[in-house]
Each structure stands twice: as structure tokens, then as C-alpha cells.
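Q: Hey, could you walk me through this one? I'd like to go piece by piece.
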Amino acid sequence: MTDEWSLGAADGELCLATGVRGRAAKMGHRLTIAMTRWHATVSWAGSEPATVELVVETDSFEVLRGEGGVKGLSGPEKALVRSNALKSLDAGRFPEIRFSTRAIEKAGDGYRLTGRLEVRGKSRDHVIDLRTEDLGDAWRMSTESTVRQTDYGIKPYSLLMGSVQVADDVSVTFTATHRKDG
């Protein structure tokens, strides 16, 4: 087995899903957002993963769709959502979002990754349960995790004097496939 795997957006996807809250939540959209530029490195010790690092370019934010709301999300509205999010994330000052493991344990159908997640210059402990699936000629890795915006100093976007707010919890999903060595 190779000593290191390198994965990027061509190997899978990294998506965010937001919710809506507030008195007028029915007017808001539940968003699906793709982070289109990311790179993950997995270092190996024998046949077991030893370290994992994921680096995401903060400005690689692309709004895929918005569900709910009074009407569909138009192209200009998607651009406005992107602009507001990049301001909230202070993407100019903090161009990367980073996750680095401190420990990896075998768990059920994959691994438990314990490490630090850094968003907007704030770093906190974060645990990810990564599922692995043997596809024969490749491995599929997937996870879903929740990140609370306020834990990283991000004020969830709101409008109409707080009547419509992006929910504090954001669901992060990751799926990637890596071919086995010949």
C-alpha cells in the first residue's frame, strides 16, 4: 500500500446543507452548497491510516440549490447568498478551512477521526465518523457531520429583522472514492 493518498474535488464531493429558522422560516430556503476546491491527504502506517488532513478553500463556495421559500432561488439570489456567506466567513482574511486529525481509531464500518477543525481562525475539537466501503477496485469513504456556526464566531445570516435566519447547525457531507493500488 502507498504511504499517502491524495484526494481532491475530482475524487468526490464536499457539501453543506443549511436549515432555516425564525418566525417567517417558511419564506427562507434550505440551501445545498458545494465546496468545489478542497484537498485531503491520508498518511498510512502499514495498512492503517495514521493522519488525515483536509484543507478547503473558503471562497470555493457554490450554491447548488435552495429548497422551500416563497419561490425558487434565482441565479442573482444564489450570487447574493454566496456573497453574504463569504462575508460571514471572512474569506479574505481566512482563505482556508482545515481539519487535522490527532487520533484515528477503527470503528464499526470505518474509522473515528478525532482532531481539530479550524474555521474563520477559530479552532475546536471535532470528531468525524468516517464510513468506508470496499467497492472491489476502489474504496468509498463517506461521512456526515454537524458544525455549529457560532462555535467558530460566525453569526448566522438573518433578514427581516431576524424573522428569517439561517439555522446555527450546518450539516457537512463528504464522499470520495480512491482506487486501490494495482
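Q: Leaving aside its neighbours within four places in sequence, which residues is Ser142 in contact with?
A: Ser142 is in contact with Asp129, Leu130, Arg131, Phe174 and Thr175. Contact here means heavy atoms within 4.5 Å. Before we go on, this is a predicted model, where local features need pLDDT of at least 70 and side-chain atom pairs count only at pLDDT 80 or more, while totals for chains, interfaces and linings use all residues. Residues are numbered from 1 along each chain as its sequence is written, and side-chain values use heavy atoms, with hydrogens and water left out.

Q: Cool. Where is Ser142 found, and is it buried or exposed?
A: Ser142 sits in strand S11, residues 138–148. Helices (H or I, at least four residues) and strands (E, at least two) are DSSP runs, numbered from the N terminus. Ser142 counts as buried because its relative accessibility is 16%. The cut-offs are under 20% relative accessible area for buried, over 50% for exposed, and partly exposed in between, with a 1.4 Å probe and protein chains only.

Q: And Thr143, what is it in contact with?
A: Leaving aside neighbours within four places in sequence, Thr143 is in contact with Ile128, Asp129, Leu130, Arg131, Val172, Thr173 and Phe174. Thr143 lies in strand S11 too, and with a relative accessible area of 8% it is buried.

Q: How far is Thr143 from Ala9 in space?
A: They are 15 Å apart, C-alpha to C-alpha, and 134 residues apart in sequence.

Q: Switching topic: how many aromatic pairs are there?
A: The count comes to 2. Rings of Phe, Tyr and Trp (its six-membered ring) pair if their centres lie within 6.5 Å; planes under 30 degrees apart count as stacked, over 60 as edge-to-face and the rest as tilted. In one pair, Trp5 and Trp44 have ring centres 4.9 Å apart and planes at 55°, so that pair is tilted.

Q: Where do Trp5 and Trp44 sit along the chain?
A: Trp5 is in strand S1 (residues 4–8) and Trp44 in strand S5 (residues 38–45), so to speak distant parts of the chain, 39 residues apart, linked by the pair. Both of these Trp residues are buried.

Q: What about Trp38 and Phe174?
A: Those two form an edge-to-face pair, 5.2 Å centre to centre with 70° between the planes. Trp38 lies in strand S5 and Phe174 in strand S14 (residues 169–179), so the pair ties together parts that are 136 residues apart in sequence. Trp38 and Phe174 are both buried.

Q: Now the loops. What is the phi of Asp90?
A: Asp90 has a positive phi of about 50°, although it is not a glycine. Asp90 lies in the loop between helix H1 (75–88) and strand S8 (96–107).

Q: And Arg120, where is that?
A: Arg120 is in the loop between strand S9 (110–119) and strand S10 (122–134). Its phi is positive as well, about 55°, and Arg120 is not a glycine. At 23% relative accessibility, Arg120 counts as partly exposed.

Q: Last bit, the whole protein. How many helices and strands are there?
A: The protein has 1 helix and 14 strands. The C-alpha trace spans about 55 × 30 × 30 Å along its principal axes, and 40% of the 182 residues count as buried.
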